[in-house]
Amino acid sequence: MTWIVAKINRNQENIFKKSLQEKFSNDFELFYPKILKGNTQVCVNLLGEYVFLKIENNSRVTREKYLKGLKYFLNHFNYCISFLAKKS
């Protein structure tokens, strides 16, 4: 189980979710902290264009560089994961 950070286009968030479902069925979880803006019922992502993606097999995700709504996946997460695995 791995967490990956992705930068997405803000106005294409639903398109990104749909393209992930097409590629990986439901083998992932998408997380980003939200807050209600003002008196309206509009939710805003606190991280801006960044989202967390929890997935079983991260090698499948890193090969997918051309998903609709995706700008890029943050690099060097494999190094951090192996470093944390050694610490625990």
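Beyond its neighbours in sequence (residues up to four places away), Lys-71 touches Lys-7, Ile-8, Asn-9 and Glu-49 in this predicted model. With Glu-49 the link goes through the side chains, which are joined by a polar contact of 3.1 Å. Arg-10 offers a handy reference point for the fold around this residue: 61 residues separate Arg-10 from Lys-71 along the chain, yet their C-alpha atoms are 10.0 Å apart. Lys-71 has a relative accessible area of 36%, and because this value falls between the 20% and 50% limits, the residue is classed as partly exposed.

It helps to place this residue in its sheet. Lys-71 belongs to strand 6, which spans residues 70-73. The open sheet is built from 4 strands in the order 2-5-1-6, with antiparallel pairing. Strand 6 is an edge strand, as is strand 2 (28-31), and each of them pairs on one side only. From one strand to the next, the twist averages 30 degrees.

At the edge formed by strand 2, the partner is strand 5 (residues 50-55), and 4 bridges connect the two in the antiparallel sense. Within this part of the sheet, Phe-28 stands opposite Ile-55 of strand 5.

A helix completes the picture. Helix 1, covering residues 13-24, lies across strand 1 (2-8), strand 2, strand 5 and strand 6. Relative to strand 2, helix 1 runs at about 165 degrees. Strand 6, the home of Lys-71, is thus among the strands that helix 1 lies across.

Definitions and conventions: Residues numbered from 1 in each chain as written. Predicted model: local features only at pLDDT ≥ 70, side-chain atom pairs only at ≥ 80, totals over all residues. Heavy atoms only, no water. Buried < 20%, exposed > 50% of the residue type's maximum accessible area, 1.4 Å probe, protein only. Contact = heavy atoms within 4.5 Å. Polar contact = N/O pair within 3.5 Å; in protein donor to acceptor, adjacent residues only side chain to side chain. Pairing = 2+ DSSP bridges. Axes fitted to C-alpha atoms, helices over the stretch in contact; angles between N-to-C directions.
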